[in-house]
Amino acid sequence: MKELVQYLARSLVNNPEAVEVKEIQGDTASVLELRVAKEDLGRIIGRQGRTAKSIRTLLHAVATRDHRRVVLEIVEES
């Protein structure tokens, strides 16, 4: 799943070297934290969050197939 998010994010952004995905395993779900360069944040979120929603939908489909639960968090660096 981590590789899927990395591939999708690197395909969307202008600075693919700055894409970082961290996976945190929990009891009931895995959390994927996605970090990108500040100028690429809008490309990942998309208009009205459509791109982020699409990435989450793909993750949900893959996770359901594996009988898992995955949450995607897009982390903004301050």
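## The sheet

Three strands make up an open sheet of mixed pairing, in the order β1-β2-β3. The edges are taken by β1 and β3 (70-75), each of which has a single partner strand, so one side of each is left without a neighbour in the sheet. From one strand to the next the twist averages 20 degrees. Axes here are lines fitted to C-alpha atoms, for helices over the stretch in contact, and angles run from 0 to 180 degrees between N-to-C directions. Helices (H or I, at least four residues) and strands (E, at least two) are DSSP runs, numbered from the N terminus. Two strands count as paired if DSSP finds at least two bridges between them.

This is a predicted model, in which local features need pLDDT of at least 70 and side-chain atom pairs count only at pLDDT 80 or more, while totals for chains, interfaces and linings use all residues. Residues are numbered from 1 along each chain as its sequence is written, and side-chain values use heavy atoms, with hydrogens and water left out.

## Strand pairing

Strands of a sheet pair through backbone hydrogen bonds, either parallel or antiparallel. Here β1 and β2 run antiparallel and are joined by six bridges. The two form a hairpin, with four residues between them. Among the bridge partners, lysine 22 is matched with glutamate 33 in β2, and glutamine 25 with serine 30 in β2.

On the other side of the pairing scheme, β2 and β3 are parallel over six bridges. Valine 31 stands opposite valine 71 in β3. Helix α3 (residues 50-65) lies across β2 and β3, and runs at about 155 degrees to β3.

## Isoleucine 24

Isoleucine 24 belongs to strand β1 (residues 20-25). Its relative accessible area is 35%, so isoleucine 24 is partly exposed. The cut-offs are under 20% relative accessible area for buried and over 50% for exposed, with partly exposed in between (1.4 Å probe, protein chains only).

Not counting residues up to four places away in sequence, isoleucine 24 touches Ala29, Ser30, Val31 and Glu33. Contact means heavy atoms within 4.5 Å. The C-alpha atom of isoleucine 24 is separated by 9.9 Å from that of valine 70, with the two positions 46 residues apart along the chain counted as their separation.

## Salt bridges

The whole structure holds two salt bridges. A salt bridge is a side-chain nitrogen of Lys or Arg within 4 Å of a carboxyl oxygen of Asp or Glu. One of them joins arginine 68 to glutamate 23, with the closest N and O atoms 3.5 Å apart. Arginine 68 lies in the loop between α3 and β3 and glutamate 23 in strand β1, so this pair ties together parts that are 45 residues apart in sequence. Arginine 68 is partly exposed at a relative accessible area of 35%, and glutamate 23 is also partly exposed, at 30%.

Arginine 35 and glutamate 33 also meet through their side chains in a salt bridge (3.3 Å, N to O). Arginine 35 has 23% relative accessibility and counts as partly exposed, whereas glutamate 33, at 14%, counts as buried.

## Aspartate 40

Aspartate 40 sits in the loop between β2 (30-35) and α2 (41-45). Although buried, aspartate 40 has no salt bridge, and the nearest side chain of opposite charge, arginine 43, is 4.4 Å away. For charge, Lys and Arg count as positive and Asp and Glu as negative, while His and the chain ends are not counted.

A polar atom of the aspartate 40 side chain lies 3.1 Å from the backbone nitrogen of asparagine 15. A polar contact is a pair of N or O atoms within 3.5 Å; within protein, one must be able to donate a hydrogen and the other to accept it, and residues adjacent in sequence count only if both atoms are side-chain atoms. Leaving aside neighbours within four places in sequence, aspartate 40 is in contact with Val13, Asn14 and Asn15.

## Positive phi in two loops

Most residues other than glycine have a negative phi. Glutamine 48, in the loop between α2 and α3, has a positive phi, near 55 degrees. Glutamine 48 is exposed, with a relative accessible area of 74%.

Histidine 67 has a positive phi of about 55 degrees and is not a glycine. Histidine 67 lies in the loop between α3 and β3 and counts as exposed at 76% relative accessibility.
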